[in-house]
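The following exchange asks on what grounds each term is applied to a protein–DNA model. Each answer sets a computed value against its definition.

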Protein chains: 2
Amino acid sequence: MTAMTAETVETPAAPEKELPVRDRVQTQGRIFQAGRALLAEGGFQAFGVNAVARKAGCDKQLIYRYFGGLDGLVDAIGEDLAGWVTQHVPEDQGGRFLLTYGDLMERLAELYADALRADPLMRRILVWELSENSPHIARMAEARAKGIAQWIERMRGSLTPPKGADTVALNAVIIAAVQQLVLAAETSGSFAGLPLKSQKDWARAVSAVARMARAAYA
Amino acid sequence: MTAMTAETVETPAAPEKELPVRDRVQTQGRIFQAGRALLAEGGFQAFGVNAVARKAGCDKQLIYRYFGGLDGLVDAIGEDLAGWVTQHVPEDQGGRFLLTYGDLMERLAELYADALRADPLMRRILVWELSENSPHIARMAEARAKGIAQWIERMRGSLTPPKGADTVALNAVIIAAVQQLVLAAETSGSFAGLPLKSQKDWARAVSAVARMARAAYA
DNA sequence: CGGCAAAGTCACCCGATGGTGATTAGGCCG
DNA sequence: CGGCCTAATCACCATCGGGTGACTTTGCCG
């Protein structure tokens, strides 16, 4: 329709008329971001070819062409998140001295909680991991496990855990607790009677984890 | 068709011809069980009116009639699970003496892990809780939290936690860790580098939780 | 027997989904 | 200008989802 044909109803305000960019990499980027956003907002339930295409403002066909379908898109997003731990959990010491291995794990718990609480996408993916076991998701989980191990390795310095402590198991427990608390907080705002809404609530929770970490490694 | 009308083709072997029971409560039961089974097997994703009806071997209309739709069915299942903790986490002491509050929580962690590992339905519902926040689900979570609190209360006897210990927070952390480990085990078979498949793996994990519980309450 | 309420089934509707082949629209280059 | 490669869209399909109204069967009771 040319501009001449009398102002139709929608002419007054056509705010959504993003004309097609006709730029492959940019469109790929839009799809990619749409996927991330959708996942972050609505979780894997809201994640589908149609939804992504709608959000990206392009035809779903392009998802197949550029990513080889949803699986490919998930892969791309997952790959992008491979270094998540390394990128989102800082390795400085926040002005504190880490005197013991327990201090170290206490710090990790705190940082991991912060990072997770700040990243909806990652949270959704964590829940996704609990819901089904597709290869993509498994890969992401593995990458994260490695990231955490690397973090510990790099931060450890000369700190050593007490003899007889099963560090792998203890660390897994600490991380598990943090993770479950953060995930539960989002939907129910509390866990097992412990409120998890305000900043104070979180300070309390983290302090409990810290106490356990320190005590276990004492 | 009367018995006289010559044996029709299907008489020799009619394996799938469950004739309709025409018994309301029984049909209700079938629907209910189908819902539970479906939820346990495939999680909330596989849960829908059509699927339940298929599994129950009746028309989906009956789900609406007898339960008022899926929501009603979920409610029914949830109500049935209200006393889950009380029913599935035993209160005897397994031949052990619980000398300290830490022992108590250690024991709870162990029992809770066992109970959860033995109950696919409950696991699915826990994951569901992390995925969305419908009122039904919230109610279930609340009931569970109460159940745990009651368990502790009943088992506590004269045991008292050390002064200055934030029992609510510490207990929540312990339960959270157990829960996350059990849920993660199902799909990925490990968590943060800790394998969670064999009975031995679990002994290791539980022992780590136990150590932390004891230490934190020392 | 006749009839009636309850149990159960059928046939649809609508919208959304994943997925595909054919088609259009646009820029670039000779 | 005309051709050509490619980004992008369109139109369509089969399927499945939740949901509803009309229908048939069955057993019971007077």
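The questions proceed from the domains of chain A to the DNA strands and then to the contact of the two chains.

Q: What makes the residues and values that follow traceable?
A: This is a predicted model, in which local features need pLDDT of at least 70 and side-chain atom pairs count only at pLDDT 80 or more, while totals for chains, interfaces and linings use all residues. Residues are numbered from 1 along each chain as its sequence is written, chains are lettered from A and ligands numbered from 1 in the order in which they are written, and side-chain values use heavy atoms, with hydrogens and water left out.

Q: Into which domains is chain A divided, and where do their bounds come from?
A: Chain A comprises domain 1 (24-78) and domain 2 (84-216). The bounds come from an automatic or database domain assignment. Taken over C-alpha atoms, the centres of domain 1 and domain 2 of chain A are separated by 29 Å.

Q: How do you know that domain 1 and domain 2 of chain A are in contact, and how many residues take part?
A: Contact means heavy atoms within 4.5 Å. By that criterion, 12 residues of domain 1 of chain A are in contact with 11 residues of domain 2 of chain A. Buried area (the accessible area, with a 1.4 Å probe, that two parts lose on being put together, summed over both) comes to about 1,000 Å² here, with 73% given by carbon and sulfur atoms. On the side of domain 1 of chain A, Ala40(A), Phe44(A) and Val74(A) lose the most area to domain 2 of chain A, together 46% of what that side buries.

Q: Why is the pair Arg139(A) and Asp75(A) called a salt bridge?
A: The term requires a side-chain nitrogen of Lys or Arg within 4 Å of a carboxyl oxygen of Asp or Glu. The closest N and O atoms of Arg139(A) and Asp75(A) are 3.3 Å apart, so the pair satisfies the rule. Across the interface of domain 1 and domain 2 of chain A, the rule finds 1 salt bridge.

Q: Which helices supply at least two residues of the side of domain 1 of chain A that touches domain 2 of chain A?
A: They are helix H1 (24-42) and helix H4 (70-80) of chain A. Helices are DSSP runs (H or I, at least four residues), numbered from the N terminus. H1(A) gives the most to this side of domain 1, with 5 residues.

Q: What makes a residue count as near DNA strand D?
A: One of its heavy atoms must lie within 4 Å of the strand. DNA strand D is surrounded by 21 residues, the closest being Arg22(A), Thr27(A), Arg65(A), Arg22(B) and Lys60(B). The largest share of this surface, 4 residues, comes from H3(A).

Q: How do you know that Tyr66(A) has a polar atom in reach of a phosphate oxygen of DNA strand D?
A: A polar contact is a pair of N or O atoms within 3.5 Å; within protein, one must be able to donate a hydrogen and the other to accept it, and residues adjacent in sequence count only if both atoms are side-chain atoms. A polar side-chain atom of Tyr66(A) lies 3.1 Å from a phosphate oxygen of DNA strand D, so the distance falls within the limit. For Asp23(A), a backbone N or O atom lies 3.1 Å from a phosphate oxygen of this strand. Arg22(B) places a polar side-chain atom 2.2 Å from a base oxygen of DNA strand D.

Q: Which residues come nearest to DNA strand C?
A: Of the 20 residues around DNA strand C, the nearest are Arg22(A), Asn50(A), Lys60(A), Arg22(B) and Arg65(B). Sugar and phosphate account for 50% of the strand's atoms that come within 4 Å of the protein. A polar side-chain atom of Arg54(A) lies 2.8 Å from a phosphate oxygen of DNA strand C, and one of Arg24(B) lies 3.3 Å from a phosphate oxygen of that strand. H3(B) supplies the largest share of the surface near DNA strand C, 4 residues.

Q: How many residues does each chain bring to the contact of chain B and chain A, and what area is buried?
A: Chain B brings 43 residues and chain A brings 43 residues. The buried area is about 3,800 Å², of which carbon and sulfur atoms give 67%.

Q: Why is the pair Arg204(B) and Asp166(A) called a salt bridge?
A: Their side chains meet at 2.5 Å, N to O, and therefore the pair meets the definition. The rule finds 2 salt bridges across the interface of chain B and chain A. There are also 10 residue pairs in polar contact between these chains, both residues at pLDDT 80 or more.
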